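Grab a pencil and work through a few exercises on the structure below. Each one starts with a task and then walks you to the solution.

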Amino acid sequence: MVGSVTRPVKELKGFRRIFLKKGESKTVTFDLTMNDLSFYRKDMTWGAEPGDFKVFVGGASDDVKEAAFTLVK
């Protein structure tokens with residue numbers, strides 16, 4: 001939620017298209033790696049910063065479920 005540089009509010013990571021029939025449900029799992037959370041920091045080094053993150057999952061950017069996690073280094 002807060003970093004050493006301004007970042008996009010949302011970034012697409014771990015995209016996978018899942019097709020469901022009407023009324024069907026499916027459990028979907030995915031992993032976010034340290035590389036997925038990395039960026040060029042203020043000192044121009046590549047890496048992740050510890051802190052709070054939000055994950056959005058859904059069929060469209062305006063129709064999502066949200067969860068939060070904390071990255072501890």
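## Exercise 1: I18 and its patch

At 33% relative accessibility, I18 counts as partly exposed; the bins are buried under 20% relative accessible area, exposed over 50%, and partly exposed in between, with a 1.4 Å probe and protein chains only. Before going on, keep in mind that this is a predicted model, where local features need pLDDT of at least 70 and side-chain atom pairs count only at pLDDT 80 or more, while totals for chains, interfaces and linings use all residues. Residues are numbered from 1 along each chain as its sequence is written, and side-chain values use heavy atoms, with hydrogens and water left out.

Task: find which residues make a nonpolar surface patch with I18.

Step 1. Place I18: it sits in the segment before β1 (39-40). Strands here are DSSP runs of E, at least two residues, numbered from the N terminus.

Step 2. Apply the patch rule: take residues with over 30% relative accessible area and no salt bridge, then join nonpolar side chains (Val, Leu, Ile, Met, Phe, Trp, Tyr) within 5 Å.

Step 3. Read off the result: I18, L20 and V28 make a patch of about 230 Å², with areas from the Shrake-Rupley method and a 1.4 Å probe.

## Exercise 2: Salt bridges

Task: work out how many salt bridges there are, and which residues form a network.

Step 1. Set the rule: a side-chain nitrogen of Lys or Arg within 4 Å of a carboxyl oxygen of Asp or Glu.

Step 2. Start at E11, which is partly exposed at 39%. E11 pairs with R7, the closest N and O atoms being 2.3 Å apart, and also with K13, at 3.5 Å.

Step 3. Join them up: R7, E11 and K13 are linked in a network of salt bridges. R7 is partly exposed at 29%, and so is K13 at 33%.

Step 4. Add E66 and K54, whose closest N and O atoms are 3.2 Å apart. E66 lies in strand β4 and K54 in strand β3, so this pair ties together parts that are twelve residues apart in sequence. The count comes to three salt bridges.

## Exercise 3: D52 and K73

Task: say what D52 and K73 each touch, leaving out residues up to four places away in sequence.

Step 1. Use the contact cut-off, heavy atoms within 4.5 Å.

Step 2. D52, in strand β3, is partly exposed at 44%. D52 touches M1, F69 and T70. Its C-alpha atom is 8.9 Å from that of V72, 20 residues apart along the chain.

Step 3. K73 follows β4 (63-71) and is exposed at 62%. The contacts of K73 are R41, A48 and P50.

## Exercise 4: An odd phi

Task: find where M44 lies and whether its phi is positive or negative.

Step 1. M44 lies in the loop between β1 and β2 (46-47), and is exposed at 59%.

Step 2. Most residues other than glycine have a negative phi. Phi of M44 is near 70 degrees, a positive value in a residue other than glycine.

Key:
Helices (H or I, at least four residues) and strands (E, at least two) are DSSP runs, numbered from the N terminus. Patches are made of residues with over 30% relative accessible area and no salt bridge: like charges are joined within 9 Å, nonpolar side chains (Val, Leu, Ile, Met, Phe, Trp, Tyr) within 5 Å.
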